[in-house]
Amino acid sequence: SQLLRRLRFAGVDVEVGDLARRAAQSATSLKDIDLASALTYDERRRLDRDAPAAIAVRSGRSHALDYGEDGSVSASVKLQELFGLAETPTVGPRKEPVRLALLSPSGRPVQTTRDLRSFWNTTYADVRKELRGRYPKHPWPEDPWTATPTARTTKRAGRRP
C-alpha cells in the first residue's frame, strides 16, 4: 500500500492490475511478487524523484517517509538530529512539507510539526526544559540553531567508532 500511495503522491499513473501482472510474470510464488520491481525505468525514476522513500537529515542519517491515504507525508526523527535546520523538509512536485514527529532520545514523540522554524523559536525551550533532566546524556543546547546535529549522546558525540 505504501508503494501505491507513493505512486499516487508522485502523480505516476499506473494501473495496479497491469503492474501486478508484470510483477507476477517472473514470480514462482505469491510471496515472490514485488510490485516495485515491475515498474518501468521512467516510472521508478519519477517515483524516486517525486515521492522518495526516505529523507536525509542533518545528522547524516536517513529516515523513512510515510505516505498517508490523505496525501500527507510524515517522518519520525529524533529532535537532536535536526539541530540547525530552519526549513521543514519538503517533497514532491508540490513541495509538500513533511510532518515531522520529533522524538525524544527514547524514541517517543514529543512534538509534531510542519513548521520547524516555529518549533525552534517558540516550543523548543519548553521541550528542552522538560526533557534535559530525563535525558542528561543527550545534548540540549540553549541555541539549537548553532548546535551540531547528532544521533549520539553527549559522551559519544565527538567520537567515531
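# From a charged network to the core

The side chains of Glu69 and Arg8 meet in a salt bridge, with 3.5 Å from N to O; the term stands for a side-chain nitrogen of Lys or Arg within 4 Å of a carboxyl oxygen of Asp or Glu. The model is a predicted one, in which local features need pLDDT of at least 70 and side-chain atom pairs count only at pLDDT 80 or more, while totals for chains, interfaces and linings use all residues. Residues are numbered from 1 along each chain as its sequence is written, and side-chain values use heavy atoms, with hydrogens and water left out.

This pair links distant parts of the chain, since Glu69 sits in the loop between E3 and E4 and Arg8 in helix H1, 61 residues apart. Such labels refer to DSSP runs numbered from the N terminus, with helices (H or I) of at least four residues and strands (E) of at least two. Arg8 counts as partly exposed because its relative accessibility is 49%, whereas Glu69, at 51%, counts as exposed; here buried means under 20% relative accessible area, exposed means over 50%, and partly exposed lies in between, with a 1.4 Å probe and protein chains only.

Glu69 also forms a salt bridge with Arg5, in which the closest N and O atoms are 3.1 Å apart. Here too distant parts of the chain are linked, for Arg5 belongs to helix H1 and Glu69 to the loop between strand E3 (66-67) and E4, 64 residues apart. Arg5 has a relative accessibility of 22% and therefore counts as partly exposed. Through shared partners, Arg5, Arg8 and Glu69 are joined into one network of salt bridges.

Helix H1 takes part in a further pairing, as Arg6 forms a salt bridge with Asp48, the closest N and O atoms being 3.5 Å apart. Because Arg6 lies in helix H1 and Asp48 in helix H3 (residues 41-50), this pair ties together parts that are 42 residues apart in sequence. Arg6 counts as buried at 11% relative accessibility, while Asp48, at 39%, counts as partly exposed. The structure holds 12 salt bridges, and in general side chains of opposite charge can pair when their charged atoms come close.

From the charged pairs we turn to the nonpolar interior. The largest nonpolar core has 37 residues, of which Leu79 and Leu82 touch the most other members; such a core is a set of buried Ala, Val, Leu, Ile, Met, Phe, Trp, Tyr and Cys residues joined through side-chain atoms within 4.5 Å. At least two residues of this core come from each of helix H1 (2-10), helix H2 (16-25), strand E4 (73-78), strand E7 (99-103) and helix H4 (116-131), and the largest share, 6 residues, is supplied by H4. Once its neighbours within four places in sequence are left aside, Leu79 is in contact with Leu102, Leu103, Val110, Phe119, Trp120, Tyr124, Val127 and Trp140, where contact means heavy atoms within 4.5 Å.

Helix H4 also carries Arg128, which is buried because its relative accessible area is 14%. Apart from neighbours within four places in sequence, Arg128 is in contact with Trp140, Pro141 and Glu142. Between Arg128 and Pro144, which are 16 residues apart in sequence, the C-alpha to C-alpha separation is 10.0 Å.

Elsewhere, the loop between strand E5 (90-91) and strand E6 (96-97) holds Pro93, which counts as exposed at 53% relative accessibility. Pro93 and Asp50 are 43 residues apart along the chain, yet their C-alpha atoms are separated by 6.0 Å. Lys95 is found in the loop between E5 and E6 as well, and at 56% relative accessibility Lys95 counts as exposed. The phi of Lys95 is near 55°, a positive value in a residue other than glycine, and most residues other than glycine have a negative phi.
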